[in-house]
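Biologist: Please pick one part of this model and go through it closely, with its neighbours. I would like to know what it pairs with, what it packs against and what sits around it.

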Amino acid sequence: MMEKLTVTLGFIEFPPTYTGDGGNLSPPIRLSNLQSPYLAVFAFNPYEKGCSFCTWVAWDIPAAHQIPAGLPAIETIESPIHAKQGRNDYGEIGYRGPAPPQGETQRYLFKVYGLDALLDLPAGSEKHAVINAMKGHVLQFGETQALCQR
């Protein structure tokens, strides 16, 4: 049976720093009940066209109780943590924060997977390749969400 991973952002509504209107920085992700050696993170905007529109994918993150905010938008990160990032559904590397149309509120989902191994996958890969590489390696799962209003 898969163990529950508790995932929190520290906010319910996005501060501007983590949105497309502000700094467009990836938010800090806090984890508890972590028992896996590696992590993979996905952010989704279910309001964009298409099924599970991915706005961020990162993997090969060594276990830590917090993924820090503001990860650089590059394929391979060495600091402040090690991670590989892939191409989101905007065609960009790294995180892209919410920017809903004026007068609308959108919900973003953050899904974190605890993995038993590094993934045999090059940085810059897209979400489907990461999902396929994770098969058979997921030990834990947790998710959270936040709202963005414009």
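Modeller: A contact here means heavy atoms within 4.5 Å. By that rule, and leaving out residues up to four places away in sequence, Gln106 touches Asn45, Tyr47, Pro100, Pro101, Ala146, Leu147 and Cys148. I will return to Gln106 after the part I have picked, strand S3. The model is a predicted one.

S3 covers residues 29–32. Strand S3 sits in the middle of an open sheet of three strands, ordered S2-S3-S6 and paired antiparallel. The edges are S2 (6–8) and S6 (66–67), each of which pairs on one side only. On the S2 side, S3 is held by three antiparallel bridges, and Thr6 stands opposite Ser32. On the S6 side there are two bridges, again antiparallel. There Ile29 faces Ile67 across the pairing, and Arg30 has Gln66 as its bridge partner.

The two faces of S3 are not alike: Ile29 and Leu31 make up the covered face, while Arg30 and Ser32 make up the uncovered one. In a regular strand the side chains alternate between the two faces of the sheet. The residues of S3 follow that pattern, with Ile29 and Leu31 on one face and Arg30 and Ser32 on the other.

The covered face leads to the core. In soluble globular proteins, nonpolar side chains tend to be buried together. In this model the largest nonpolar core has 26 residues, and Ile29 is among those with the most contacts inside it, along with Phe14, Trp56, Ile67 and Phe110. Ile29 and Ile67, the opposed pair of S3 and S6, are thus both on that list. Strand S3 supplies at least two residues of this core, as do S4 (38–45), S5 (53–62), S9 (105–115) and S10 (138–149).

Phe110 shows what meets in that core. Not counting residues up to four places away in sequence, its contacts are Leu9, Phe14, Pro27, Ile29, Phe42, Ala43, Trp56, Tyr95, Gly142, Glu143 and Thr144. Ile29 of S3 is therefore a direct contact of Phe110, since the two have heavy atoms within 4.5 Å. A second core, separate from this one, has 13 residues, including Ala40, Phe44, Cys54 and Trp59.

Following the chain onward from S3, the loop to S4 holds Asn33. Asn33 is not a glycine, yet its phi is positive, about 65°. With 35% relative accessibility, Asn33 counts as partly exposed. Asp60 has a positive phi too, about 55°, and is not a glycine either. Asp60, however, belongs to a strand, S5. Asp60 counts as buried because its relative accessible area is 3% and the cut-off is under 20%.

Back to Gln106, which lies in S9, one of the strands that feed the largest core. At 6% relative accessibility, Gln106 is buried. Its side chain makes a polar contact of 3.1 Å with the side chain of Asn45, and Asn45 is also in the contact list of Gln106.

One backbone detail remains. The Ser79 to Pro80 peptide bond is cis, with omega near 15°. Pro80 is in the loop that joins S7 (76–77) and S8 (83–85).

Conventions. Residues are numbered from 1 along each chain as its sequence is written. This is a predicted model: local features need pLDDT of at least 70, side-chain atom pairs count only at pLDDT 80 or more; totals for chains, interfaces and linings use all residues. Side-chain values use heavy atoms; hydrogens and water are left out. Two strands pair if DSSP finds at least two bridges between them. Helices (H or I, at least four residues) and strands (E, at least two) are DSSP runs, numbered from the N terminus. A nonpolar core is a set of buried Ala, Val, Leu, Ile, Met, Phe, Trp, Tyr and Cys residues joined through side-chain atoms within 4.5 Å. Buried means under 20% relative accessible area, exposed over 50%, partly exposed in between (1.4 Å probe, protein chains only). A polar contact is a pair of N or O atoms within 3.5 Å; within protein, one must be able to donate a hydrogen and the other to accept it, and residues adjacent in sequence count only if both atoms are side-chain atoms.
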